[in-house]
Amino acid sequence: MDSVLLESQLRGLKEKKLYRRRNILQSPQGVSVTCNGRKLLNFCSNDYLGLANHPEVIAALKKGVDKWGAGSGSAHLVCGHGEAHHALEEDLAQFTGREKALLFSSGYMANLGVISALVGRGDRVFEDRLNHASLLDGGIISGAKFQRFQHADVDALAQNLSRRQGNKTLVVSDGVFSMDGDLAPLPDLATVSRSAGAWLMVDDAHGLGVLGQSGKGTLEHFRLEPSDVPVLVGTLGKALGTFGAFVAGSEVLIETIIQRARTYIYTTAIPPAIAEATRASLRVSESEAWRRQKLGSLVHRFVKGAKQLGLPLMDSVTPIQPLLVGGSEQALRFSDQLHSLGFLISAIRPPTVPEGSARLRITFSALHEEGQVDLLLEALAEIQNKDSGGS
């Protein structure tokens, strides 16, 4: 291995302000965290409902460890599929209104595995240009003819679908786009996919638990039926506060994925205690609707205040509120200034987002308070004033 070449590449990233560094948390996940030895208000977590440190979830995890031990010991198809996993899959199927659900060890592995299980050489995959990296990578490695369409451009997708080539066709989109916070036009995507005889797959990682009256995500928000989106992927590590992912759909879909998804077949199952904790978080998510209501109220308060300050927010009604900065160096500087004022907010830079669209990705939790949102707005106003040359 040429370490000189690697060092040169790393220097290049640093010069372009694209080098990534890890923060070290010395506290549990929450709206107030200790990071690198300093107590900060956390506005960059995906723990939207505040369940990662919920006492019922923790108790279920501890009880699960006492009953099942620390690890699963094997892949699901060897000897790693336990009673806790199976019960969680049944809960998730019921929650999403599907015949069956299937657990994966991460959202990235779910998307790679599902896409590759459903399409291959001779088939077609169409994806929104701003899809998560795992969806794009899944399309690329599937071996199918892979094509991206402009973000949320249903007309462009329809034109591409009208050119009948190949055998099976899969249309893939996020439900909520993780870096922009906007919603996919799912009703229109469902219509054009159905008309073209294509399957529609939606990764609702940032919608499940958050959107819809009962937290069933982007599909519930748009009042869509399971038949409108035959393939639904969700994560357990965001609003549900634990770890892992799942795909839900018809029995024949799930059985096909079990037989063909390499990232399912050849991966150790998540610890059964995590499955027990997730069952608890799912119950809390369904029963405590106030979390979604409060989350919506906090987002509204922030957006209203940001508009009054003239901050360049992107168009989002979700807990993901991107503050568009533009340059990577400026995004890093703003993030550092916020850190000095007591806030943890990451700078998001290329290649995660397109060139020239670096941003602060501000996210909210149901455990934030209105006063903390106001403090954030005051800090952003102070930074904006300094950046514009004010006193």
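**Sheet.** I looked up the strand order in this predicted model and found an open sheet of three strands, E10-E13-E12, with antiparallel pairing. Strand E10 (320-326) and strand E12 (347-348) are at the edges; each has a single partner strand, so one side of each lacks a neighbour in the sheet. I then checked the pairing of E10 with strand E13 (residues 358-363): the two run antiparallel and are joined by six bridges. Pro-322 sits opposite Arg-361 in E13.

**Helix on the sheet.** I asked which helix lies across E10, E12 and E13. Helix H14 (residues 328-340) does, and it runs at about 35° to E13.

**Cores.** I went through the largest nonpolar core, which has 37 residues. Phe-302, Leu-338, Leu-360, Ile-362, Phe-364 and Leu-376 touch the most other members. At least two residues of this core come from each of helix H13 (290-309), E10, H14, E13 and helix H15 (370-387). I followed up Leu-338: leaving aside residues up to four places away in sequence, Leu-338 touches Phe-343, Ile-345, Leu-360, Leu-376, Ala-379, Leu-380 and Ile-383. Apart from the largest core I noted another, of 24 residues, including Val-114, Ala-117, Ile-254 and Ala-261.

**Cysteines.** I looked for disulfides, with sulfur atoms within 2.5 Å as the cut-off, and the count is zero. Why does Cys-44 not form a bond with Cys-35? The sulfur of Cys-35 is the closest cysteine sulfur to that of Cys-44, but at 7.9 Å it is too far for a bond. I also checked accessibility: Cys-44 counts as partly exposed because its relative accessibility is 22%, while Cys-79, at 61%, counts as exposed.

Notes: Residues numbered from 1 in each chain as written. Predicted model: local features only at pLDDT ≥ 70, side-chain atom pairs only at ≥ 80, totals over all residues. Heavy atoms only, no water. Pairing = 2+ DSSP bridges. Helix = DSSP H or I, 4+ residues; strand = E, 2+ residues; numbered from the N terminus. Contact = heavy atoms within 4.5 Å. Axes fitted to C-alpha atoms, helices over the stretch in contact; angles between N-to-C directions. Core = buried A, V, L, I, M, F, W, Y, C linked by side-chain atoms within 4.5 Å. Buried < 20%, exposed > 50% of the residue type's maximum accessible area, 1.4 Å probe, protein only.
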